[in-house]
Each structure stands twice: as C-alpha cells, then as structure tokens.
Amino acid sequence: MKAFKKFFTFLILISLTFFAACSECDNENPRARVSNMGTEEVSVQVKTSGGNTENINNIEPGKASEYRSYAPGQITYTIVLKNNQEVVELVEMDFCSDYEIIINEDNTVITTSIDRE
C-alpha cells in the first residue's frame, strides 16, 4: 500500500510537470493592434520601451490595424485624430499577451489584453 501511495504521488507530480510545460506561449513578445471605433480616420505612433518608433497610419473608422509585435515593457501610443487632436496612452506590455487599443466614438481610449497561455 505504501509503495502504491508513493507511485501515485510520483505519477501526479509528473502529470503536473507535463501540463505546466505544455504552455502555448514560450516568452513570446506581446502583440498589439489598434481598433478605430471613432468617427474619424486615425494614425498612431508607437514608441517601444527600447526607444524604437513605429507608425501605423490611416486607420479608417470601423477598421483595425494588423497585430504588431513589440518588446515587452512600457509602450507609448500617440493617437492622432484627423483634426490633429492627440491622445496619449501608456500600456505596460508583458510576454505572451495580445493587446487591443480601442478608440471609442467619443475619442476616449480603452486598452484590453488577453493572455495567450
């Protein structure tokens, strides 16, 4: 009986280790996109934690950009509306996550995230 308990405990530990190692994401960089639910075309400047800058231009109302991958850390989005109004959004991005920066009809910004694991 004692040997059975040890074997059963060992089997459970091996199973837990196996399932923990089977994650879908292995420290992959985060991804983000911009969804324009506003009434005007927008452009977005993305400044990464490493200091790189990328532009996503001319996102029409009701459309979304493609996902882009960035290094983890603090990302600064500067969203420029067609009337030259700027909205700045700071987002802390972590490994294995997808982020969506949503521009609402009233030009407010919401950030959502989904864990890919």
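Let us start at the surface, with glutamate 92: this residue is exposed, its relative accessible area being 57%. Exposed here stands for a value over 50%, so glutamate 92 qualifies at 57%. Keep in mind that the model you are looking at is a predicted one. In the chain, glutamate 92 belongs to strand E7, which covers residues 86-93. Glutamate 92 also has company of like charge: together with Glu24, Asp26, Asp94, Asp115 and Glu117, Glu92 forms a negative surface patch.

With that first landmark in place, we can step back to the overall fold. The protein chain has one helix and nine strands. Read from the N terminus, the order of elements is α-β-β-β-β-β-β-β-β-β. The chain has 117 residues, and buried ones make up 32% of them.

What do those strands put together on the inside? In soluble globular proteins, nonpolar side chains tend to be buried together. In this model, the largest nonpolar core has 19 residues, and Val44, Tyr70, Tyr77, Ile79 and Met93 are those with the most contacts inside it. Six strands each supply at least two residues of this core: E1 (31-36), E2 (42-47), E3 (53-59), E6 (73-81), E7 and E8 (97-103). The largest share comes from E6, which gives four residues. If you are colouring the structure as you read, E6 is a helpful strand to pick out, and we will come back to it.

From the nonpolar interior we can turn to charges. Side chains of opposite charge can pair when their charged atoms come close. How many salt bridges does the model hold? The count comes to five, and three of these pairs are worth a visit.

Begin with arginine 116 and glutamate 28, whose side chains meet in a salt bridge at 2.9 Å, N to O. This pair links distant parts of the chain, 88 residues apart: arginine 116 sits in the segment after strand E9 (109-115), and glutamate 28 in the loop between helix H1 (2-21) and E1. Are the two partners buried or exposed? Arginine 116 has a relative accessible area of 17% and is therefore buried, whereas glutamate 28, at 36%, is partly exposed.

A second pair joins glutamate 100 and arginine 33, with a distance of 3.3 Å from N to O. Here too, distant parts of the chain are linked, since glutamate 100 is in strand E8 and arginine 33 in strand E1, 67 residues apart. Glutamate 100 counts as buried at 18% relative accessibility, while arginine 33 counts as partly exposed at 25%.

The third pair is arginine 68 with glutamate 54, where the N to O distance is 2.1 Å. Arginine 68 lies in strand E5 (residues 68-69) and glutamate 54 in strand E3, so this salt bridge ties together parts that are 14 residues apart in sequence. Both partners count as partly exposed, arginine 68 at 28% relative accessibility and glutamate 54 at 27%. Salt bridges can also share partners: in this way Glu28, Arg31, Asp98 and Arg116 are joined into one network.

Now back to E6, and to contacts between backbone positions. Glutamine 74 is found in this strand and is partly exposed, with a relative accessible area of 42%. Between glutamine 74 and valine 91 there are 5.6 Å in space, C-alpha to C-alpha, although they are 17 residues apart in sequence. Alanine 71 has its place in the loop between E5 and E6, and it counts as partly exposed at 36% relative accessibility. Its C-alpha is 8.0 Å from that of methionine 93, and the two residues are 22 apart in sequence. You have already met Met93 among the residues with the most contacts inside the largest nonpolar core.

Finally, a look at backbone geometry. Asparagine 58 has a positive phi of about 60 degrees although it is not a glycine, and its place is in strand E3. Asparagine 107 likewise has a positive phi, of about 65 degrees, and is not a glycine either. This residue is found in the loop between E8 and E9. Is asparagine 107 buried or exposed? At 16% relative accessibility, asparagine 107 counts as buried, because buried means under 20%.

Methods
Residues numbered from 1 in each chain as written. Predicted model: local features only at pLDDT ≥ 70, side-chain atom pairs only at ≥ 80, totals over all residues. Heavy atoms only, no water. Patch = residues over 30% accessible without salt bridge, like charges linked within 9 Å, V, L, I, M, F, W, Y side chains within 5 Å. Areas by Shrake-Rupley, 256 points an atom, 1.4 Å probe, with all protein chains shown as cover. Salt bridge = Lys/Arg side-chain N within 4 Å of Asp/Glu carboxyl O. Lys, Arg positive; Asp, Glu negative; His and termini not counted. Charge placed at Lys NZ, Arg CZ, Asp CG, Glu CD. Buried < 20%, exposed > 50% of the residue type's maximum accessible area, 1.4 Å probe, protein only. Core = buried A, V, L, I, M, F, W, Y, C linked by side-chain atoms within 4.5 Å.
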